[in-house]
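Let's walk through this model together, starting with its sheet and ending with a few backbone details. Please keep the sequence and the 3D view at hand.

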Amino acid sequence: MYTEPEYRAGLDDLASHYTEILRLLGEDPSREGLEKTPMRVAKAMQVLTRGYGEDPHKVLTDALFEESYNQMVIVKDIDFFSMCEHHMLPFYGKAHVAYIPKGYITGLSKIARVVDIYSHRLQVQERMTEQIKDCIEQTLHPMGVMVVVEARHMCMQMRGVEKQNSITTTSAFSGAFNQAKTREEFMKLLR
């Protein structure tokens, strides 16, 4: 069942700015098809940037469990949608996250939530990849973390070079993943 999200302060101001943007683009914001558009866009933008109001470290610690498991834990194919901070156009794809616990594990869904929080901010893929890694590393203190993000960028597909089939891949790793053998194991398990 769909429930309307809670919107942050400033929603009306945001909508009025979108009214002016429509005007500046040469549209008539009062015409039937556009009458409610400024508020719709304002609400959409608040949903698409909801990650600013969430603490990814808290998400991980809310489901932190002492456990002696010390082998690789992988959560792969985590779908995400984000907004490029350069053009405010979407980029989307999959994140793959691995960590090797050192005394503590977290709920598997919490890894996906961390990806969700960082992707729901104005972003660049490179920073988002690092932020996910850093959050897991700083919160769980594992033996190592590796994050691989594969994404399609609408700013490359719809404008500029207009390359519809390009995929950008970024990675960030630490600790045990500094060893080529451990990184290779992770990449092999992704395939």
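Helices (H or I, at least four residues) and strands (E, at least two) are DSSP runs, numbered from the N terminus. This is a predicted model, in which local features need pLDDT of at least 70 and side-chain atom pairs count only at pLDDT 80 or more, while totals for chains, interfaces and linings use all residues. Residues are numbered from 1 along each chain as its sequence is written, and side-chain values use heavy atoms, with hydrogens and water left out.

**The sheet**

An open sheet is built from 5 strands in the order E5-E2-E3-E6-E7, with mixed pairing. Strands E5 (122–123) and E7 (168–175) stand at the edges with a single partner strand each, so one side of each has no neighbour in the sheet. Helix H4 (residues 108–119) packs on the sheet and touches strands E2 (73–84), E3 and E5; contact here means heavy atoms within 4.5 Å. The direction of H4 makes about 20° with that of E2, where axes are lines fitted to C-alpha atoms, for helices over the stretch in contact, and angles run from 0 to 180 degrees between N-to-C directions.

Two strands count as paired if DSSP finds at least two bridges between them. E3 (residues 90–100) runs antiparallel to E6 (residues 144–153), and 10 bridges join them. E2 and E3 are also antiparallel, joined by 9 bridges. Some residue partners are handy landmarks:

| Residue | Partner | Partner strand |
|---|---|---|
| Tyr-92 | Arg-152 | E6 |
| His-96 | Val-148 | E6 |
| Asp-79 | Lys-94 | E3 |

How many of the 11 residues of E3 are buried? The number is 8, so E3 is largely enclosed by the rest of the structure. Buried means under 20% relative accessible area, exposed over 50%, and partly exposed in between (1.4 Å probe, protein chains only).

**Aromatic pairs**

Rings of Phe, Tyr and Trp (its six-membered ring) pair if their centres lie within 6.5 Å; planes under 30 degrees apart count as stacked, over 60 as edge-to-face and the rest as tilted. The whole structure holds 3 such pairs. In one of them, Phe-80 and Phe-91 meet edge-to-face, 6.0 Å centre to centre with 75° between the planes. Phe-80 lies in strand E2 and Phe-91 in strand E3, 11 residues apart, and both are buried. Phe-81 and Tyr-92 form a stacked pair, at 6.2 Å centre to centre and 25° between the planes. Phe-81 is exposed at 55% relative accessibility, whereas Tyr-92 is partly exposed at 28%.

**Helix H5**

Helix H5 (residues 125–140) has 16 residues and spans 23 Å from its first C-alpha to its last, close to the 22 Å expected at 1.5 Å a residue; that expected span is 1.5 Å times one less than the number of residues. Its buried residues include Met-128, Ile-132, Cys-135, Ile-136 and Leu-140. The buried residues cover an arc of only 155° around the axis, which puts them on the same side of H5; the arc is that of the directions from the helix axis to the C-beta atoms.

**Positive phi values**

Most residues other than glycine have a negative phi. Asp-77 has a positive phi of about 60° although it is not a glycine; Asp-77 sits in strand E2 and is partly exposed at 40% relative accessibility. In the hairpin of E2 and E3, with 5 residues between the strands, Met-88 takes a positive phi near 55°. Met-88 is partly exposed, at 39% relative accessibility. His-141, which follows H5, has a positive phi near 50°.
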